[in-house]
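Visitor: Could you walk me through one part of this model up close? I work at the bench, and I would be glad to have the terms explained as they come up.

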Amino acid sequence: MFQPNIFTTKGPLGFASHIWSEHRVGLAIVGILGLIFAVDPPQAVESTWFTIDALLSTAPFLVLSILMAAYASATGADGLIAKAFTGAPVVMIVAAAALGGLSPFCSCGVIPLIAALLAMGVPLAPVMAFWLASPVIDPSMFILTTGLLGFEFAVAKTLTAVGLGLFGGGVTHALTASGHFRDVLKPQARGGCCGAASLTAPKPVAWKLWTDPARRSTFGRDAWGTTVFLVKWLALAFLLESLMLAYVPAAWISGALGGSGLAPIVTATFVGVPAYLNGYAALPLVSGLMEQGMVPGAGLTFLVAGGVTSLPAAIAVYALVRPRVFALYIALALSGSLASGLLYQLWLGSAG
């Protein structure tokens with residue numbers, strides 16, 4: 001919203017800084033599309049439709065998460081939901097990792113649900129377990145992986161998803177128990193993303209929020225704030241994904257991941273972050289590379305690391321949580337992906 005007093009009190013530079021701070025994501029989207037329209041108009045049109053289609057595909061999860069969080073905040077039920085995730089941490093972490101391995105979320109699609117859980121005060125450890133496990137595999141991905149890479153590989157990918165969740169949840173629990181990561185969400189995410197009520201001073205739960213004008217107002221305000229926050233960041237993430245699909249040649253990825261031995265496994269851990277296409281598009285690529293001699297461990301590492309920490313997903317995560325939590329997420333994903341590939345290759349008995 002335009003505020004003339006900011007221009008007069010802070011001057012042009014201060015005003016520009018304020019506009020960038022408030023609308024940097026939208027400005028970045030407009031700037032990127034403007035640049036692509038200038039140099040490659042057909043790709044700009046294709047990227048625009050790709051972003052819209054991806055947002056529409058994510059919409060059911062997005063709407064459900066937004067309504068769930070807004071309703072919990074307006075009724076005061078967020079305290080009850082958060083309380084449900086307390087108790088035996090090990091049980092919660094195991095349950096979250098197992099559920100993550102079965103959920104139909106991609107790396108970006110899981111963001112709205114994670115935002116809702118964190119804003120409700122759910123402990124970071126089980127959320128991290130679900131966060132890491134969810135993008136790796138789902139029922140349809142299991143079937144497609146079996147068809148392209150074999151049943152054994154699909155089972156290994158499923159076990160990796162659960163194992164990564166257990167590993168990440170366990171490490172996070174140990175760190176939070178020692179006093180780290182008490183403040184998880186960024187201020188703008190806490191206020192504009194699933195703005196849950198304060199859990200330190202919970203209100204009485206009023207399930208019929210429509211009978212209370214103040215709670216109806218809270219519901220509308222939180223739902224709108226959450227929608228704006230998540231849609232703009234996910235739009236940027238999907239836009240960047242479309243550009244990677246268009247401009248990152250598969251031959252580059254093949255050259256980096258080909259070969260045998262342990263080196264491709266290590267390389268796949270880091271190549272998977274910027275070069276990952278998406279869960280379904282990456283499977284034929286990995287299948288082709290394995291037919292050319294790439295070790296299966298490198299293929300598994302690439303699929304896991306790329307699925308969890310791909311650039312679009314990383315941008316969405318960075319928008320949501322504080323830098324230390326983001327760094328922990330990246331570190332757990334990369335180290336867990338590398339370990340999964342090494343263990344799988346050693347189990348196959350063909351590590352060079």
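**A close look, starting from one glycine**

Guide: Let us begin with G147, which is found in helix α7, residues 139-149. Helices here are DSSP runs of H or I with at least four residues, strands are E runs of at least two, and both are numbered from the N terminus. The model is a predicted one, where local features need pLDDT of at least 70 and side-chain atom pairs count only at pLDDT 80 or more, while totals for chains, interfaces and linings use all residues. Residues are numbered from 1 along each chain as its sequence is written, and side-chain values use heavy atoms, with hydrogens and water left out.

G147 has a relative accessibility of 66% and therefore counts as exposed. The cut-offs are under 20% relative accessible area for buried and over 50% for exposed, with partly exposed in between (1.4 Å probe, protein chains only). Although G147 and L283 are 136 residues apart in sequence, their C-alpha atoms lie 9.9 Å apart in space. A second long-range pair joins the picture: M290 and L149 are 141 residues apart along the chain, and 8.7 Å separates their C-alpha atoms. M290 sits in helix α13, residues 279-291, and is partly exposed because its relative accessible area is 21%.

For a contrast with G147, look at helix α6, residues 124-133: ten of its ten residues are buried, so the rest of the structure largely encloses this helix. Among those buried residues are P126, M128, F130 and W131.

Now turn to three helices that pack against one another. Two packed helices are described by the angle between their axes and the distance between the axes. Here, axes are lines fitted to C-alpha atoms, for helices over the stretch in contact, and angles run from 0 to 180 degrees between N-to-C directions.

Start with helix α8 (residues 151-177) and helix α16 (residues 323-348), whose axes are 9 Å apart and meet at an angle of about 140°. This makes α8 oblique to α16. In this scheme, angles under 35 degrees are roughly parallel, over 145 roughly antiparallel, 65 to 115 roughly perpendicular, and the rest oblique. The crossing of α8 and α16 is right-handed; that word applies if the near helix is turned clockwise from the far one by less than a right angle, and left-handed if anticlockwise.

Helix α14 (residues 296-309) also packs with α16: their axes come within 8 Å and cross at roughly 160°. That angle makes α14 roughly antiparallel to α16, and their crossing is right-handed. To close the trio, α8 and α14 have axes 11 Å apart at an angle of about 45°, and are therefore oblique to each other. α8 passes α14 in a right-handed crossing too.

Two more pairs bring distant parts of the chain together. I29, in helix α1 (residues 4-39), is buried because its relative accessible area is 17%. I29 and L240 are 211 residues apart along the chain, with their C-alpha atoms separated by 9.3 Å. L245 belongs to helix α10, residues 213-247, and is partly exposed, as its relative accessible area is 33%. The C-alpha atoms of L245 and S47 are 9.7 Å apart, across 198 residues of sequence.

Finally, at the surface, F37, V45, W49, I52 and L56 make a nonpolar patch of about 520 Å². Such a patch joins nonpolar side chains (Val, Leu, Ile, Met, Phe, Trp, Tyr) within 5 Å, from residues with over 30% relative accessible area and no salt bridge; like charges are joined within 9 Å. A salt bridge puts a side-chain nitrogen of Lys or Arg within 4 Å of a carboxyl oxygen of Asp or Glu, and areas come from the Shrake-Rupley method with a 1.4 Å probe. Helix α2, residues 41-75, gives the most to the patch, with four residues. W49 has its place in α2, and its relative accessibility of 58% is why it counts as exposed.
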